[in-house]
Amino acid sequence: MDLINNIRQLFTGKPGTSAEMARMAQFAKSRQGIKLTAQLMQQTDSLTKKDIATWRQAWQMAIGIDNPKRGVLYDIYTDCLVDLHLTGCIGQRKGKTLQKEFCLIGKDGKENEQATALLKKEWFFDFMDLALDSRFWGHSLIQLGDIVTDADGLRFNGVELVPRKHVCPEFGVILREASDDPKDGISYKEGDFANWCIEVGKPRDLGLLLKCAPACISKKNMLAFWDMFGEIFGAPMRVARTNTQDEKERSRIEKSLDNMGAAFWALFPEGTDIEIKESSRGDAYNVYDKRVDRCNSELSKGTLMQTMTIDSGSSLSQSETHLEIFEDVIAADARLIACIVNDKLLPLMAMHGFPVKGLSFEWDNAATFSPAEQRELERVLLEYYEIDPQYFIDKYKVQITGVRKAKTQPDAFFG
């Protein structure tokens with residue numbers, strides 16, 4: 001425990017409390033030493049109601065030059081992710097990249113199957129998932145777990161996202177408390193930490209959720225207003241009138257009204273006039289539902305760059321155009337992952353003893369061909385080249401015993 005306290009004091013200049021030291025002791029058992037997350041005093045996210053003014057103020061705080069703070073903005077992002085349409089858009093975009101096949105290629109241009117197997121693990125798919133989140137959240141700092149050995153060789157026992165509120169990418173440091181000054185932060189670009197962390201995204205990138213937030217906030221408000229409209233005009237209102245001044249009698253009437261059902265009610269003195277007026281400028285459908293639809297289409301455009309791969313379309317030609325745009329977006333995400341793996345992850349893996357030196361990460365685009373495209377490719381290859389029958393045996397699980405004789409036309413039969 002004295003060692004943990006000394007490390008704590010080395011980083012922060014302050015002795016640790018018993019709770020802090022216990023937390024750091026837990027992480028000290030890691031092979032890589034004290035993790036970044038052991039330095040953090042995390043707090044529960046704020047789930048208070050957000051509005052456009054809050055979003056604009058949070059944006060201003062996040063782009064500060066001397067002391068940028070993204071905490072409030074990240075709370076808004078978390079609130080936005082409750083939106084199911086936005087969740088669907090993000091899931092569709094990330095899912096298309098995560099399902100792509102990949103391989104590690106040697107300098108001879110051939111796949112190294114053993115090295116590829118090192119990446120066909122849960123930790124690597126989690127890594128890609130966190131890396132793709134940087135498109136929406138902005139800068140992300142990913143920490144690799146301990147190195148363990150399984151049947152396929154070495155692997156990381158997991159990856160984790162360093163809590164964004166405690167990362168100040170503009171200064172390249174983590175903050176023990178989210179409110180700390182960046183000058184008092186711990187650098188994650190130097191020393192041992194740099195050997196276990198990977199940055200994804202630009203330091204001042206705030207992600208696509210910054211642009212999606214106004215639509216999410218407006219949509220949530222419109223749905224709340226629509227619910228209020230339904231409460232008032234969707235069910236009959238019960239009105240009771242009485243001349244009694246006896247509080248017990250009034251309480252009995254109020255209790256009876258309350259037990260009659262879910263619709264709202266009111267109790268007024270005799271002679272009170274109640275009038276509820278509905279706006280004559282348009283029905284609720286056009287006022288509320290159309291606004292919700294517009295928010296959804298804006299979210300689709302912001303995250304998918306088009307609308308028809310997740311919304312209904314009007315024609316085949318338009319849907320094909322939108323699909324091409326969506327495929328361009330997926331290609332850009334795939335290129336991002338390839339660059340991160342080749343430029344950052346593989347060098348770290350090689351440094352930690354993984355047998356990946358001299359290999360490069362590539363997507364297996366042939367695996368994304370449709371069945372019709374695959375058949376046409378095979379037909380062209382068979383027309384011009386000799387193909388090893390083992391290819392078809394492995395792919396289609398059929399036994400090929402030899403080359404078939406040329407088919408002859410049977411003699412015509414005349415009865």
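In the predicted model, His166 is placed in the loop that connects strand 5 (159–161) with strand 6 (167–168). With a relative accessible area of 4%, His166 is buried, because the cut-off for this class is under 20%. A polar atom of the His166 side chain lies 3.4 Å from the backbone oxygen of Arg176.

The loop between strand 5 and strand 6 also holds Lys165, the side chain of which meets that of Asp75 in a salt bridge with an N to O distance of 2.7 Å. This pair links distant parts of the chain, since Asp75 belongs to helix 4 (residues 71–80) and the two residues are 90 residues apart. The two partners fall into separate accessibility classes: Asp75 counts as buried at 8% relative accessibility, whereas Lys165, at 23%, counts as partly exposed.

A further salt bridge is formed by Lys219 and Asp83, with the closest N and O atoms 3.0 Å apart. Lys219 lies in helix 8 (residues 209–233) and Asp83 in the loop between helix 4 and helix 5 (84–98), so that this pair ties together parts of the chain that are 136 residues apart in sequence. Lys219 is buried, with a relative accessible area of 8%, and Asp83 is likewise buried, with a value of 11%; both residues are assigned to this class because their relative accessible areas are under 20%.

A salt bridge within a helix is provided by Glu383 and Arg379, the side chains of which meet at an N to O distance of 3.2 Å. Both residues lie in helix 12, where they are four residues apart, or about one turn of the helix. Glu383 counts as partly exposed at 49% relative accessibility, and Arg379, at 42%, also counts as partly exposed. Elsewhere, Arg93, Arg135 and Asp333 are joined into one network by salt bridges that share partners. The count of salt bridges in the model comes to 16.

Helix 12 spans residues 371–384, and the loop between helix 12 and helix 13 (389–396) contains Tyr385. With a relative accessible area of 55%, Tyr385 is exposed, because the cut-off for this class is over 50%. Tyr385 is one of the residues of a nonpolar surface patch, which is formed together with Leu377, Val380, Leu381 and Tyr384. The accessible area of these residues together is about 490 Å².

With regard to the strands, three of them form an open sheet in the order 5-2-9, and the pairing is antiparallel. Strand 5 and strand 9 (197–200) are the edge strands, each of which pairs on one side only. From one strand to the next, the twist of this sheet averages 25°. Strand 2 (residues 140–144) is joined to strand 5 by three bridges, and these two strands run antiparallel. Across this pairing, Ile142 stands opposite Leu161 in strand 5. Strand 5 thus recurs in two settings, as an edge strand of the sheet and as the strand that precedes the loop holding His166.

Methods: Residues are numbered from 1 along each chain as its sequence is written. This is a predicted model: local features need pLDDT of at least 70, side-chain atom pairs count only at pLDDT 80 or more; totals for chains, interfaces and linings use all residues. Side-chain values use heavy atoms; hydrogens and water are left out. Buried means under 20% relative accessible area, exposed over 50%, partly exposed in between (1.4 Å probe, protein chains only). A polar contact is a pair of N or O atoms within 3.5 Å; within protein, one must be able to donate a hydrogen and the other to accept it, and residues adjacent in sequence count only if both atoms are side-chain atoms. Patches are made of residues with over 30% relative accessible area and no salt bridge: like charges are joined within 9 Å, nonpolar side chains (Val, Leu, Ile, Met, Phe, Trp, Tyr) within 5 Å. Accessible areas come from the Shrake-Rupley method with a 1.4 Å probe; for residues, only the protein chains shown count as cover. A salt bridge is a side-chain nitrogen of Lys or Arg within 4 Å of a carboxyl oxygen of Asp or Glu. Two strands pair if DSSP finds at least two bridges between them. Axes are lines fitted to C-alpha atoms, for helices over the stretch in contact, and angles run from 0 to 180 degrees between N-to-C directions.
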